[in-house]
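Here are my notes on the model, set out as numbered points. Please read them with the structure open.

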Amino acid sequence: MKLQTAIDRVSLEEAVALVRQLDGQTDILEIGTSLVKDYGNRAIEEIRAVLAHTELLVDLKTIDEGAYEFRQGYRYGGDILTVMGAASYDTLKACYEVAQEQKKTMMIDLLEVADEKIPQLTDFEEAIFALHHSIDRKDKLDAVASVAAFHEKFPTINRLAIAGGIDLKQANGLAQQGLTEIVIVGSKIAKADHPTEAVKEFMEGIQQ
């Protein structure tokens, strides 16, 4: 299982400084949506410039104009880009085609996507499907149970990621379960007093 570390709701200067610390320490580094909204493609470009040993995910949350946004996201340095599962099939298809053409990766954010729609998305065989527990929700995510339930409903989808307030215990449980490709961790690493120590603990915790 891979660890994706998300950086959100900080200044670009703080993000770049944190990326320098985490480069090579985490499998994937995520530029959160807040950084994209605050700084645009400049955020991708500046972070890509200091990231040498870790894949870069840009959480674009594309919902329309799929081909344009994905071309720009890859052009400025993203390796993995996100599109909302709630987008139209045509938008998802446009994003996927650009990802395939660029030999890059598309992640489909399943935030609030009804089960009825998910079978339509299985055409995108090389996409990563991200179970996403909204930060605005008051209930706590049971990551292991969520992955198990999703896998039972959609056993043909084998590239899974999960996000939403995940702590070290949950990450360890996901690793033991063996159904998740990527665990996404934000504040437990990025907001820690010592991010490099926190990321080391997570990396050790998911090695199964």
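1. Strand β8 (residues 182-185) sends Ile182 and Ile184 one way, and Val183 and Val185 the other way. All four are buried, meaning under 20% relative accessible area, where exposed is over 50% and partly exposed lies in between (1.4 Å probe, protein chains only). In a regular strand, side chains alternate between the two faces of the sheet. Helices (H or I, at least four residues) and strands (E, at least two) are DSSP runs, numbered from the N terminus.

2. Two points on provenance. This is a predicted model, in which local features need pLDDT of at least 70 and side-chain atom pairs count only at pLDDT 80 or more, while totals for chains, interfaces and linings use all residues. Residues are numbered from 1 along each chain as its sequence is written, and side-chain values use heavy atoms, with hydrogens and water left out.

3. Which strands pair with β8? Strand β1 (residues 2-7) does so in the parallel sense, over four bridges. Strand β7 (residues 160-163) is also parallel to β8, over three bridges. Pairing requires that DSSP finds at least two bridges between two strands. Lys2 stands opposite Ile182 in β8. Ala163 stands opposite Ile184 in β8. From β7 the chain crosses through α8 to β8, and this β-α-β crossover is right-handed. That is, with the strands pointing away from the viewer, the path from the first strand over the helix to the second runs clockwise.

4. His133 sits in the loop between β6 (128-132) and α7 (143-153). Is His133 buried or exposed? His133 counts as buried because its relative accessibility is 11%. Its contacts (heavy atoms within 4.5 Å) include Leu111, Asp139 and Lys140, leaving aside neighbours within four places in sequence. Leu141, Ala163 and Gly164 are also in contact with His133. Ala163 is the β7 residue opposite Ile184.

5. Gln170 belongs to helix α8 (residues 168-177). Gln170 is buried, at 12% relative accessible area. Not counting residues up to four places away in sequence, Gln170 touches Leu141, Asp142, Ala143, Val144 and Gly165. Leu141 is thus a contact of both His133 and Gln170.

6. Now the aromatic rings. A pair of rings is described by the distance of the centres and the angle of the planes. Rings of Phe, Tyr and Trp (its six-membered ring) pair if their centres lie within 6.5 Å; planes under 30 degrees apart count as stacked, over 60 as edge-to-face and the rest as tilted. By this rule there are four aromatic pairs. Phe70 and Tyr74 make an edge-to-face pair, 5.7 Å centre to centre with 90° between the planes. Both lie in helix α4 (residues 66-75), four residues apart, about one turn of the helix. Both Phe70 and Tyr74 are buried. Phe150 and Phe154 make a tilted pair, 5.0 Å centre to centre with 50° between the planes. Phe150 and Phe154 are both buried as well. Tyr89, Tyr96 and Phe124 form one aromatic cluster.

7. On charge: side chains of opposite charge can pair when their charged atoms come close. How many salt bridges does the structure hold? The count is 10, each being a side-chain nitrogen of Lys or Arg within 4 Å of a carboxyl oxygen of Asp or Glu. Arg71 and Glu101 meet in one of them (2.6 Å, N to O). Arg71 lies in helix α4 and Glu101 in helix α5 (residues 89-101), so this pair ties together parts that are 30 residues apart in sequence. Arg71 is partly exposed at 39%, and Glu101 is partly exposed at 44%.

8. Lys93 and Glu97 form a salt bridge, with the closest N and O atoms 2.6 Å apart. Both lie in helix α5, four residues apart, about one turn of the helix. Glu181 bridges to Arg159, with the closest N and O atoms 2.7 Å apart. Glu181 is in the loop between α8 and β8 and Arg159 in the loop between α7 and β7, so the pair ties together parts that are 22 residues apart in sequence. Arg48, Asp79 and Lys104 are linked in a network of salt bridges.

9. Last, Ala52. This residue is in the loop between α3 (41-50) and β3 (55-62). Ala52 is exposed, with 59% relative accessible area. Its C-alpha atom is separated by 30 Å from that of Gly85, 33 residues apart along the chain.
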